[in-house]
Number of protein chains: 2
Amino acid sequence: MFRRLLTLDEARQIIGQHVPTGSLGVDVVPLLRAFGRVLAEDVVAGLDVPSFDRSTVDGYAVRAEDTFGADENKPVKLRVCGMASAGRMPKMVVRSGRAVEIVTGAPIPEGADAVVMFEETEVDNEGILVRSAAFAGENVMEAGSDIRRDETVLREGVVLGSSEVGVLAAVGLAKVKVFAVPRVAVFSTGGEVTKPGRRLLPGKVYDTNAYSLSAAVEECGGRPVFLGVSSDRASEIEGALRRALACADVVVTSGGVSVGPKDLMPKVLGSLGKPGVIVCGVAIKPGKPVTVAVIEGKLVFSLPGHPTSALLVFRLLVEPVIRGLAGREADEPLVVKASADVRMFPAKGRRTFVMVRLKRDKLNGLVAEPVPTGLSGAITTVARADGFVEIAENVQFVDAGEEVAVRLFKNFVG
Amino acid sequence: MFRRLLTLDEARQIIGQHVPTGSLGVDVVPLLRAFGRVLAEDVVAGLDVPSFDRSTVDGYAVRAEDTFGADENKPVKLRVCGMASAGRMPKMVVRSGRAVEIVTGAPIPEGADAVVMFEETEVDNEGILVRSAAFAGENVMEAGSDIRRDETVLREGVVLGSSEVGVLAAVGLAKVKVFAVPRVAVFSTGGEVTKPGRRLLPGKVYDTNAYSLSAAVEECGGRPVFLGVSSDRASEIEGALRRALACADVVVTSGGVSVGPKDLMPKVLGSLGKPGVIVCGVAIKPGKPVTVAVIEGKLVFSLPGHPTSALLVFRLLVEPVIRGLAGREADEPLVVKASADVRMFPAKGRRTFVMVRLKRDKLNGLVAEPVPTGLSGAITTVARADGFVEIAENVQFVDAGEEVAVRLFKNFVG
């Protein structure tokens, strides 16, 4: 029986309908543990930052009008009547003709509206000579000028980097609500698959995918639950799936999705409850045999066994789901423009993904060069690539020199 | 006494001379814990991957020469003499006129040199009809074609992402040598600095820098050792420094580096042993008052108290040191080209850093727009910026429309 394969866009849409709505819950974490997490609430400042007018330099707090007209030749003399320290509200008042010594960060005393830097002054008996005119507000950081009370300083969905953590600290938060990290169970299937570190018997291969996919889960903000290797017997696959569903929000397996006699995965996936298999093959290359099911309300991705195919399909279909569950804003992956080094052909009727390395040409432009081996079975193909070029189903070819968008695996700096 | 400030390049060079040579040691970690770590050895494959000729499809292993001339109208008949499973070396030999059923990943039996896909065949009594000619090597992944034994698959210094972890698994490594993560002690100084979560007394501010800098340490691959706030008394600063030096490889403090009477940090740094202070102020804006010392052979960075200045100087001077200690390849930070939105002026005689937001213009080019407030005291300045533009000391201005390089704080996707 012939059945048209789903297009990539159709597959994405079907999967999108099955991503559980609402997040997986919220953790309240101390600020020091918040780095890299995703904010689960809008944060509104409970105070002005700074909460008082603050000197940005060391010098003398003055009334600006007292210094009008001051210059090298005609300095203005002011009487110093105290000192303002950081951390304490000064009690003195700066009246006309007076100044208060002040350090960086100290509150501006009442009456003063500017600070003259030490460098612009000279000590003269009990007073100072000011040698340049100050304007009102000079060297003063006004209360609320960094953050105003009741201002929304950060929005739900933002990933907390160094400056965001700084903003949370500045408004005095010791704890913050972040989205729970999605748990993603990962296992490989196949009688030939051997755990690294064990002796490799003839005809066997080391498990690559459970390791690379666990790392890929971390790369996109999930927490991998590593379940190792399952044989390709139906009962063992079913047991592995049950364990995975019991301890994770999403399940990712690899291997066992081709059409061979050992490829039981789609059958097992179809037998574990409704709706079961929702995607059975996608018109992409590589990665065509990917199968996606929903069991116990959770998405189960059965990826091809070939290491490069598995990682590619992970990026295309699994990563968006994990990012969505993690509450991350829909930030697009990093894409750079480059010119195709050679003519690239799509596989007939399939969205085709060509692994490429980037290099710089004479004019410092980027050139996308396909990684020599096209074997989707080779882990080194993806390891040698900086990213991939996507060729649409209906394109005849991408010509040498044509501009292509390269989706990067990581920051490229060539 | 007038002393010329060091230029940024001079400061970098002096600091570079004091980065301890050799790494901080090596950890041997299980592969599942290796993600994001830095490889501390060249990895040489101990085996071919795959270690045998392997079928890449489900079908029949054949002698290609037997199928020459086969097509729809003139299929070739072959006798099926067994089945090759994944994970076991087949014992049968494929003689002329014969075929062996084979699944994806199974070893190619002796005598066969190609695999015909099921789709190209038809079962016919005890044999099969092959309807298209196969070429030698078709659908066969040769032994060693992914990774060859004795090949160096990964080099020291590489950061282990998903595909690198996959390569390590493919060659059977269960553990891997990675560089120890540099421990970086972080504390703030200042009598006005209050721990977030406590009540803010008049004249006080919440500690921003110890939190944002701890996160910045994580961002560049270090492990922060958070030591909170020290007052600005000499004895307390000295105690905090001693504790920091005892438990970390690098120390980062903020505040207390201006010229005011409370700015004891440079004095304390100079009193704790040779060589003491190596950099005392740099001709940059913001960040001029940064002080760097070497105590007990360890680098101590005393950053300005202003949150944006502190984070900027961290990126300019501290991050390269942490990355170096972590054994990371000298990978450059992410830079994009944009056109200046407005004319930007450098501070006289100082390398100037302008925080900018990126936006797209009508032609989809990037435009760098300075973040409205220039206050280096504002944490929101850096939080609102996508990156910064560097203006050289000797440049009069960067004109509106001129091309500038924007160093990104994180991946920008506008």
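Visitor: By what turn and what shift along the axis can chain B be laid on chain A?

Guide: This is a predicted model, in which local features need pLDDT of at least 70, side-chain atom pairs count only at pLDDT 80 or more, and totals for chains, interfaces and linings use all residues. Residues are numbered from 1 along each chain as its sequence is written, while chains are lettered from A and ligands numbered from 1 in the order in which they are written. With copies superposed by least squares on the C-alpha atoms of residues with pLDDT of at least 70 in both, chain B falls on chain A with an RMSD of 0.0 Å, by a turn of 180 degrees and a shift of 0.0 Å along the axis.

Visitor: As by what kind of axis are the two copies related?

Guide: The superposition combines a turn of 180 degrees with a shift of 0.0 Å along the axis. The two copies are therefore related as by a two-fold rotation axis.

Visitor: How many residues of chain B are in contact with chain A?

Guide: Two residues are in contact if their C-beta atoms, placed from the backbone, lie within 7 Å. On that basis 75 residues of chain A are met by chain B, whose own contribution is 75 residues.

Visitor: Which element gives the largest share of the side of chain B that touches chain A?

Guide: Helices (H or I, at least four residues) and strands (E, at least two) are DSSP runs, numbered from the N terminus. Elements giving two or more residues to this side include strand S15 (205–206), helix H3 (209–219) and helix H2 (162–170) of chain B. The largest share, eight residues, comes from H2(B).

Visitor: Are H4(A) and H2(B) roughly parallel or roughly antiparallel to each other?

Guide: Axes are lines fitted to C-alpha atoms, for helices over the stretch in contact, with angles running from 0 to 180 degrees between N-to-C directions; under 35 degrees counts as roughly parallel, over 145 as roughly antiparallel, 65 to 115 as roughly perpendicular and the rest as oblique. The axes of H4(A), residues 209–219, and H2(B) come within 7 Å and cross at roughly 160 degrees. H4(A) and H2(B) are therefore roughly antiparallel.

Visitor: Which residues of H2(B) meet H4(A)?

Guide: From H4(A) the contact takes A:Tyr211, A:Ser212, A:Ala215, A:Ala216 and A:Glu219. Their partners in H2(B) are B:Ser162, B:Ser163, B:Val165, B:Gly166 and B:Ala169.

Visitor: Are H1(B) and H6(B) roughly parallel or roughly antiparallel to each other?

Guide: The axes of H1(B), residues 8–17, and H6(B) come within 11 Å and cross at roughly 25 degrees. H1(B) and H6(B) are therefore roughly parallel.
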